[in-house]
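Student: Could we go through this model together, beginning with the ligand?
Tutor: Gladly; have a look at it first.

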Amino acid sequence: MKIVLLGPPGAGKGTLATALKESLGLLHISTGDILRVEMKNNTPLGQEAKRYVESGGLVPDELVTRLIKNKLESDPKAKKGFLMDGFPRTLKQAQDLDKILEELKTPVDWTLCLEASMSVVLQRLTGRRVCKNCGALYHIKNMPSQKEGICDKCGGNLYQRTDDNEATITNRMKVYVESTEPIIEYYKSQGKLKILNADQEAQAVKEIALKSLNG
Ligand code: AMP
């Protein structure tokens, strides 16, 4: 199954993707994660992406679409199915994704759109912590690690993303409304849209997501 996850920053796309990839045996593809690895390794692509990511703006379409195209064409697991998290983020990216998948003869099956209220999103983003080593997600209140600052899965150090501060979050929300929300209509017109209430806790969102995919 090929699934696109839509929704504002902090709606829980990464958390849902992590939960569903195990249940459904799908590859989790996150453009944000790919870009953070490139930035950490200080590659030319990472250097180019850094100023956009740190300001909460969007990395140019051409650059991220190239990353996705490479991933879809080169990773054999992607052919079996994927959960796309953080891509597409513009109408152009959505159209280009359809073209790439058309060439690969594997169209998107469903788009799950996570709807979350502003207060929930803010609380989630400001309390989010990420493992430096394996990328596992935590929250200081909703999903704390057993030992403060240490990843339960691999023992790596947890950190707060530099773009998870209030000023950058405000910009990311604005960018979401202006550039990403129009995609909802795009998938709706294709009859591929499922809307989920993502204000609930992670386990409940996972359950309604599985139900809606099976129903
Ligand atoms: P995320 O981890 O999905 O919240 O993404 C973090 C940041 O990476 C975003 O705020 C953007 O700066 C950049 N980014 C991730 N995915 C995309 C995309 N599809 N298009 C443009 N920029 C992106």
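**The ligand and the sheet**

Student: How far is a polar side-chain atom of Arg89 from a nitrogen atom of the ligand?
Tutor: This is a predicted model, where local features need pLDDT of at least 70, side-chain atom pairs count only at pLDDT 80 or more, and totals for chains, interfaces and linings use all residues. Residues are numbered from 1 along each chain as its sequence is written, and side-chain values use heavy atoms, leaving out hydrogens and water. Between a polar side-chain atom of Arg89 and a ligand nitrogen, the distance is 3.0 Å.

Student: Which residue places a polar side-chain atom 3.0 Å from an oxygen atom of the ligand?
Tutor: Gln93 has a polar side-chain atom 3.0 Å from a nitrogen atom of the ligand, so to speak a nitrogen partner. For an oxygen atom of the ligand, the residue at 3.0 Å is Arg161.Student: How much of the ligand does the protein bury?
Tutor: Taken alone, the ligand exposes 480 Å² (accessible areas come from the Shrake-Rupley method with a 1.4 Å probe). The share of that area buried by the protein is 96%.

Student: Which helix gives the most residues to the shell around the ligand?
Tutor: Helices are DSSP runs of H or I with at least four residues, and strands are E runs of at least two, numbered from the N terminus. Helix 2 (31–40) and helix 3 (44–55) are the elements that give two or more residues to the shell. With four residues, the one that gives the most is helix 2.

Student: In what order do the three strands of the open sheet lie?
Tutor: Strands pair if DSSP finds at least two bridges between them, and the pairing here is antiparallel. Strand 6 (137–139) and strand 7 (158–159) are the edge strands, each pairing on one side only. The order is 6-5-7.

Note on methods. Polar contact = N/O pair within 3.5 Å; in protein donor to acceptor, adjacent residues only side chain to side chain.
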